[in-house]
Amino acid sequence: QAQPVESGGGLVQAGGSLRLSCAASGSMRSIRAMGWYRQAPGNQRELVAVITSGGSTNYADSVKGRFTISRDNSRNTVYLQMNSLKSEDTAVYYCNLDGVYHDTWGVYWGQGTQVTVSS
């Protein structure tokens, strides 16, 4: 299937850590940017972090210094290491990537994984 699959969400206390993973299909080719977005109740979906095929990264100001995005191109997988979590990080986290799936270029979203930070 074309939809990437996220894992690693859950419940954690403030100050704790979580690591999210997102695996794209093995049939996905020429993946360019891979990123993480999040959406809290009542809020719009926002960019958390993005990494290009060359390894350049960009972060939302609210997560700089606490979150780290990385990717393993051999596994078509992107990771988000989240440290020093705060209650305001609570949201559904979505993986996003653009690439070629069965000769068709497109933008693909994961189904989302819930991250809940208790204070």
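This note comments on the core, the disulfide, a surface patch and two loop residues of the structure above.

1. Basis. The model is predicted, with local features requiring pLDDT of at least 70, side-chain atom pairs counted only at pLDDT 80 or more, and totals for chains, interfaces and linings using all residues. Residues are numbered from 1 along each chain as its sequence is written, and side-chain values use heavy atoms, leaving out hydrogens and water.

2. Nonpolar core. The largest nonpolar core (buried Ala, Val, Leu, Ile, Met, Phe, Trp, Tyr and Cys residues joined through side-chain atoms within 4.5 Å) has 30 residues, of which W36, L80, M82 and Y93 touch the most other members. Buried here means under 20% relative accessible area, exposed over 50%, and partly exposed in between, with a 1.4 Å probe and protein chains only. Elements giving two or more residues to this core include β3 (18-23), β5 (34-39), β9 (77-82) and β10 (91-101); strands are DSSP runs of E, at least two residues, numbered from the N terminus. The largest share, 5 residues, comes from β10.

3. Surroundings of L80. Beyond its neighbours within four places in sequence, L80 has contacts (heavy atoms within 4.5 Å) that include L18, L20, W36, V48, F67, I69 and Y93.

4. Disulfide. The whole structure contains 1 disulfide, defined as a pair of cysteine sulfur atoms within 2.5 Å. C22 is joined to C95, with an S to S distance of 2.0 Å. This pair links distant parts of the chain, as C22 lies in strand β3 and C95 in strand β10, 73 residues apart. The link of C22 and C95 is left-handed, at -75° about the S-S bond, and both cysteines are buried.

5. Surface patch. W105, V107 and W109 form a nonpolar surface patch with about 300 Å² of accessible area together. Patch members have over 30% relative accessible area and no salt bridge (a side-chain nitrogen of Lys or Arg within 4 Å of a carboxyl oxygen of Asp or Glu), and nonpolar side chains are joined within 5 Å; areas follow the Shrake-Rupley method with a 1.4 Å probe. W105 is in strand β11 (residues 104-109) and counts as partly exposed because its relative accessibility is 46%.

6. Loop residues. S25 lies in the loop between β3 and β4 (28-29) and counts as buried, at 13% relative accessibility. Not counting residues up to four places away in sequence, S25 touches Q1, N76 and Y101. N83 is in the loop between β9 and β10 and is partly exposed at 29%. The C-alpha atoms of N83 and S17 are separated by 4.4 Å, although these residues are 66 apart along the chain.

Conventions:
Helix = DSSP H or I, 4+ residues; strand = E, 2+ residues; numbered from the N terminus. Patch = residues over 30% accessible without salt bridge, like charges linked within 9 Å, V, L, I, M, F, W, Y side chains within 5 Å.
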